[in-house]
Amino acid sequence: MPISSATARFPRAPSIAAGAAVFLGLTFSGLALALEWNLQPAASGLAAEIHDLHEYVMILCTAIFVGVFGFMFWSVYAHRKSKGHQAEQFHENTTVEMLWTVIPAIILVIIAWPATRLVVAQKDTAAADLTIKVTGIQWKWAYDYIDGEGEGISFISTLTTPREQIEGRQAKGEHYLLEVDNELVVPVNRKIRIIATAADVIHAWWVPAFGVKQDAIPGFLRDTWFRAAKTGVFRGQCAELCGKEHGFMPVVVRVVSQEDYSKWVGDKKQALVGQADDPGKKLSLEDLKARGEKVYAANCVACHQASGKGMPPVFPPLDGSKIATGAKARHIDMVLNGKPNTAMVAFGKQLADTEIAAVITYERNSWGNRAGEVQPGEVRARRK
Amino acid sequence: MSAVVDSHGHGHAHDYGDHHGGYGGIMRWITTTNHKDIGTLYLWFSLLMFGVGGIMAVVIRAELFSPGLQFVDPDFFNQLTTMHGLIMIFGAIMPAFVGFANWQIPMMIGAPDMAFARLNNWSFWLLPFASTLLVLSFLMPGGAPGVGWTMYAPLTVQMGMGMDFTIFAVHLLGMSSILGAINIITTILNLRAPGMTLLRMPLFVWTWLITAYLLLAVMPVLAGAVTMTLTDRHFGTTFFNAAGGGDPVLYQHIFWFFGHPEVYVVALPAFGVISQVIPAFSRKPLFGYASMVYATAAIAIISFIVWAHHMYTTGMPVTGQLFFMYATMLVAVPTGVKVFNWVATMWKGSLSFETPMLFAMGFLFMFTLGGFTGLVLSIVPVDIQLQDTYYVVAHFHYVMVAGALFAAFAGIYFWLPKWTGRMYHETLGKIHFWLTLVFFNMIFFVQHFLGLAGMPRRIPDYPLMFETWNQISSLGAFGMGLAQLLFVYIVVKCIRSGAPAPQKPWDGADSLEWTHLPTPAPYHSFETPPVLR
């Protein structure tokens, strides 16, 4: 009956209602599949406790919110001039004022108590099973295993999402912007201490699933810790604005069983020995250039661009530049030592002689440049 | 009573034209020392900057509509977020409330004008030059700085010449704020009409008195921080460089010692406007006037001891984290008192819902929401998850937009009749409110979810899982931008062809500008002080 009377007054109501229902149905079925509403699923004890604390605070806040605005909306409903409500003229009540000062203060103490416990736990980085130094570099992460099983392993972790995907010339992959060449590998159920620092500007190392975020500050060491509760791959991103490619330096952590970890450590150490290039070896221009293209794609392309045109004036072009077509020594020095106070970092610390020789050769023989090859030995000779 | 007021008003109407200092046209505005002219300049300037910053926001949201890089490169994206923040805070919101202060304080305390009339002219005219410098930085080699409005070291050292333009612009903006603050304090303390004791001042005047002291305390600190950045960049100092014995985190301490009170520089005058509007449309005196004054002062004082809650993830000692967590939670108490007092003012009133009241209620509802997310962020372990995510972006836009901007809209609709002598179009005003409310929440409510799910702020591109919320948010931003064109139309229409306004269009309003001055207010508010009982 109510429906038919509504229909009588609003003849188009059924079609509008049906349309709205279809729209909402589609929207919400889509939303339910695609949307995240809450913190990422916790994969460590700390993260789980943060979830609980957040939920607890949200419940309290929601209750207070509903209470306070219940009063407001009751006023809006009942005490309106259009209904002829006469305003009462009270404007003070000390008891009420005292109550709504003291009660919120008590609620705050109720919140502060569990929060304090968790702050103290979060700060307790003692007795770690494994210590890893994380260095933020524009725009990649360097990992050095400095204590515990795997000590001595170090590598650099760089975004592998191709520029074609970022620029929309290729379909985006499942882990778009959250994939790297070398993942940080740690064992499950072990206390991992992270010591963060940076080479240039401030970055922040963040893995939401572990409830860990630590600013990486150049010139200082700051630590935090996590204990992954399950195996799997966990992804995060740099959380502190660190320049142009801030959005393109993900953190990827692979948590494995203890056995797999020991195996990984063995493989990695062997690979590091096997991979080490002999800097005395002479390579052909073609080989150097081919290898250099990969190094360029991982380290240089964001600023100097695939076209070699750069983004002047901040990021200078290499195509036709004085350095990339002039004396080899100057070019090698620039790549080895960087340029102070710019995003051009000292790659001497990150790359091996062969890689540097390769990328310099690539730069000197691509686009319009034809300036010949640079051999690893020449790079080694200019290291200080 | 009304007879007295009218003769007062006629006296002014008679010689209205003689008071522009003899100049007409553009020179009137350049040479003016009149608080109303300067207030008008501040408000129009603020509207212009609101447009400039708003366009930047729309470009940012267009880029973020879908994953991948579409319209701007990452470098320019960072420049936009930086300039959007600086322009909205220093160019739009702060000047808007200084505009309110200029118009309202002399009228509300029974004074003829501001205490330092020429200084007042200068503190306004610094602004266009400062903002020009700021915007010109886009044209410098390397463009505007892409460091975020917080300008953290040592990223600032990598920037081009645009960074120096921005630093000088901040110096000028700070100078303007300090001069304005000195003027406001002097005016309030010295030019009150006889009988207008401090505890009889309208709350808007109180909030501005406290805000002005905050400005005096913190603007020099910001000037220091950016000057140290300047010398680090050019003169070989290493304040923020560990290699020379400095510390990048030192910058953050200095910046946020300015930055947190700055939040209240923006919020307190907004509280003041709301405290005038809600009683007027509830037809009932403000509940707990004295406790409102004390709560405002308490918020101002606490704001000086909470700065490091912006820095929980820098690696503070556990005692530091706990201290700043407790101090920050404490802000909730006086803020809560204010919200309760506003709701109690409405309780058993006789409410009507004209546009100013709608914006005031929108403020109350959403500013409180922003306050609650602030409480969530004050809790160290939770903040460590949410620091530098879109949750923070959502939080401070609830405070800055739903807080400060909604209060500014409430104030403009409330006082436009007094300022212009004409009524705005009520229905259009209400439409403006509802559009702004809906689009605002569309932009920012969903950003809470993005932040919780782990989307960092200040990124031009993002993983695929964040796409849908970003699309909703961007659509909201486009709508919000269009809705503000309606606001401009309403204001212009009101000035040019609004119906004449009575002396007191809001029957519940009770401060001096409504009770003792005709509409539109005379050029010099009170040449002889009003007599207060």
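Start by selecting domain 1 and domain 2 of chain A: their centres, taken over C-alpha atoms, are separated by 38 Å. Keep in mind as you click around that this is a predicted model. To colour the domains, use 45-81 plus 89-123 for domain 1, 130-275 for domain 2 and 285-382 for domain 3 of chain A.

Now show what joins domain 1 to domain 2 in chain A. Four residues of domain 1 are in contact with six residues of domain 2. On the domain 1 side of that contact you'll find three nonpolar residues, one polar residue and no charged ones.

**Into domain 2: strand β1**

Next, pick residues 130-137 of chain A, which make up strand β1. Is this strand mostly covered or mostly open? Mostly covered: six of the eight residues in β1(A) are buried.

Add residues 140-147 of chain A, and you have β2, which runs antiparallel to β1(A) with seven bridges between the two. β1(A) and β2(A) form a hairpin, with two residues between the strands. For a closer look at the pairing, show A:Ile137, whose bridge partner in β2(A) is A:Lys140. Then go to A:Thr131, which stands opposite A:Asp147 in β2(A).

Stay on A:Thr131 and bring in β5 of chain A, residues 192-198. This strand pairs with β1(A) in the parallel sense, over seven bridges. Which residue of β5(A) is the bridge partner of A:Thr131? Select A:Arg193 and you have it.

**The whole sheet**

Zoom out a little and show all the strands together. Chain A has an open sheet of five strands here, in the order β3-β2-β1-β5-β8, with mixed pairing. At the edges sit β3 (154-157) and β8 (222-226) of chain A, each pairing on one side only. If you look along the sheet, neighbouring strands are turned by 25° against each other on average, ignoring direction.

**Where chain A meets chain B**

Bring chain B back into view and select the residues in contact between the chains. How many residues does each chain give? The contact takes 83 residues from chain A and 83 residues from chain B. On the chain A side, the elements that give two or more residues are α2 (13-34), α3 (45-78), α4 (94-123), β7 (212-216) and β9 (232-237). Highlight α4(A) in its own colour: with 15 residues, α4(A) supplies the largest share of the side that touches chain B. Colour that side of chain A by residue class and you get 44 nonpolar, 24 polar and 15 charged residues.

**Over to chain B**

Last stop: hide chain A and switch chain B to cartoon. You'll see 17 helices and zero strands. Along its principal axes, the C-alpha atoms of chain B fill a box of roughly 70 × 50 × 45 Å. Why does a radius of gyration of 23 Å agree with a compact globule for chain B? Because a compact globule with 533 residues would have a radius of gyration near 24 Å.

Colour chain B by burial, and buried residues make up 62% of its 533 residues. To finish, draw the contacts within chain B that have a separation of 6 or more: residues 24 or more positions apart account for 83% of them.

Terms used:
Residues numbered from 1 in each chain as written. Chains lettered and ligands numbered in written order. Predicted model: local features only at pLDDT ≥ 70, side-chain atom pairs only at ≥ 80, totals over all residues. Contact = placed C-beta atoms within 7 Å. Helix = DSSP H or I, 4+ residues; strand = E, 2+ residues; numbered from the N terminus. Nonpolar A, V, L, I, M, F, W, Y, C, P; charged D, E, K, R; others polar. Domains from an automatic or database assignment. Buried ≥ 20, exposed ≤ 12 C-beta atoms within 10 Å, placed from the backbone. Pairing = 2+ DSSP bridges. Axes fitted to C-alpha atoms, helices over the stretch in contact; angles between N-to-C directions. Rg over C-alpha atoms; globule rule 2.2 N^0.38 Å.
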